[in-house]
Amino acid sequence: AAKQRGKAAYVRFVSGMAQPVTAHMRLGGELRRALENREFEVFYQPIMDLGTNKLVGTEALVRWNHPERGLVSPGEFVPAAERTGLIMELGRYVLREACRQTAAWLAEFGPDAPRHVAVNVSARQLHDPGFVGDVRDALGDTGLTPDHLVLELTESAVLRGNQVSRALHDLDGAGVRLALDDFGTGESSLSLLRAFPAAIVKLDKSFVDGLEFDEVDPARRDARQAVARAVIQLAGALGLEAVAEGIENEAQAEQLRALGYVYGQGYHLAMPMSAGKMTDLLTEQRRAVTAAG
Ligand code: C2E
Ligand code: MG
Ligand code: MG
Ligand code: MG
């Protein structure tokens with residue numbers, strides 16, 4: 001296996017020497033220009049209570065409003081932003097904007113506002129010694145209190161490095177909640193949970209996919225159901241909240257409710273949307289509540 005890996009690395013290195021270097025530099029330059037031109041926009045996807053169908057929070061998801069290509073999804077530029085280091089500045093922007101917007105919603109909609117915003121943090125940000133200070137500044141400058149902020153981290157980001165553990169405990173101590181994103185896909189989910197002050201686990205979409213298929217492939221469905229059940233039981237035992245990601249139909253939502261999931265996120269419940277669209281939704285929701293009594 002080591003030999004294979006060595007060979008793969010060699011191939012990557014050689015092909016990396018050829019064209020991708022310039023492509024990579026070009027994208028890096030483009031991203032910098034885009035930041036300066038304010039082409040990045042934060043979208044928000046509702047996180048819902050599966051029982052009451054009420055919005056409890058949002059996840060902030062960055063988009064690139066490209067002048068020619070239109071809305072570009074983060075999968076196409078976040079990896080490049082990470083490689084070039086531009087993720088530091090982009091991440092600070094998303095964090096600050098998400099905090100500012102959430103504070104504004106709380107001020108305008110009070111109890112009907114989303115109670116928290118979850119912001120994705122990449123490994124590179126987490127390893128920056130200034131990260132905890134950035135979070136404190138974003139909260140202080142926007143007036144959002146720490147209990148309204150969740151930081152989403154992946155297992156791989158948390159695993160690497162030692163001073164990360166210190167940063168995570170500082171954030172936890174400050175009252176910011178930490179969520180393990182894409183939970184169940186990493187290699188050491190269980191041991192990580194012991195060492196890491198997580199408050200929330202997000203069951204990865206891959207275990208939600210096909211939860212509802214009974215006849216097509218019963219064995220695969222059973223395996224996913226087993227993981228979904230193990231995660232909710234683990235969360236319960238450790239006193240963590242669990243959120244199921246990527247719910248695409250009612251049958252999946254039903255399965256998750258039956259397993260004990262309280263919170264969910266997915267296209268079936270609500271799509272990611274611009275801040276303006278979210279404000280419209282909150283206004284509509286408040287009107288409905290007022291009309292009902
Ligand atoms: P993630 O944090 O796991 O976010 C969930 C992704 O699943 C989002 O994709 C969301 O739009 C998508 N999604 C939600 N519900 C459904 C569903 O029912 N079906 C399907 N197929 N997809 C669903 P998106 O917005 O393209 O973001 C992809 C990834 O990019 C995120 O995965 C996150 O890792 C990263 N990302 C997004 N915004 C940021 C950011 O501001 N900073 C950093 N570092 N990473 C970000
Ligand atoms: Mg996330
Ligand atoms: Mg996720
Ligand atoms: Mg995911």
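## Strands that pair

Two strands count as paired if DSSP finds at least two bridges between them. Keep that in mind as we look around this structure, which is a predicted model. Strand β5, covering residues 149-154, is joined to β6 by five bridges, and the two run parallel. One place to spot this is threonine 154, which stands opposite aspartate 181 in β6.

Strand β6 also has a partner in β7, which spans residues 200-203. Three bridges link β6 and β7, and this pair runs parallel. Here alanine 179 has isoleucine 200 of β7 as its bridge partner. As for β6 itself, the strand takes in residues 177-183 and is mostly covered, with five of its seven residues buried.

## The first magnesium site

Now let us turn to the metals, beginning with the magnesium ion (ligand 2). Which protein donors hold this ion? They are Glu59 (OE), Asn120 (OD1), Glu152 (OE) and Asp181 (OD), and they lie 2.0 to 2.2 Å from the metal. Along the chain, these donors follow the spacing E-x60-N-x31-E-x28-D. Glutamate 59 belongs to strand β2 (residues 55-66) while aspartate 181 belongs to strand β6, so this pair ties together parts that are 122 residues apart in sequence.

Is glutamate 59 buried or exposed? Its relative accessibility is 4%, so glutamate 59 counts as buried.

## The second magnesium site

The magnesium ion (ligand 3) has its own set of protein donors: Asp181 (OD), Asp182 (OD) and Glu245 (OE), at 1.8 to 2.7 Å from the ion. Their spacing along the chain reads D-D-x62-E. What links this ion to the magnesium ion (ligand 2)? Aspartate 181 coordinates both, and the two ions are 3.6 Å apart.

The neighbours in sequence, aspartate 181 and aspartate 182, are worth a look too. Aspartate 181 has a relative accessible area of 6% and is buried, whereas aspartate 182, with a relative accessible area of 28%, is partly exposed. Buried means under 20% here.

## A helix and the glycine after it

Finally, have a look at helix α4, which runs over residues 87-109 and contains 23 residues. From its first C-alpha to its last, α4 reaches 32 Å, close to the 33 Å expected at 1.5 Å a residue. Right after α4 comes glycine 110, with a positive phi near 50°.

As you explore further, aspartate 181 makes a handy landmark: this residue stands opposite threonine 154 and coordinates both magnesium ions.

Methods. Residues are numbered from 1 along each chain as its sequence is written. Chains are lettered from A and ligands numbered from 1 in the order in which they are written. This is a predicted model: local features need pLDDT of at least 70, side-chain atom pairs count only at pLDDT 80 or more; totals for chains, interfaces and linings use all residues. Side-chain values use heavy atoms; hydrogens and water are left out. Buried means under 20% relative accessible area, exposed over 50%, partly exposed in between (1.4 Å probe, protein chains only). Helices (H or I, at least four residues) and strands (E, at least two) are DSSP runs, numbered from the N terminus. The expected span of a helix is 1.5 Å times one less than its number of residues. Donors are N, O and S atoms within 2.8 Å of the metal (3.2 Å for Na, K and Ca); water is not among the atoms, so sites may look incomplete.
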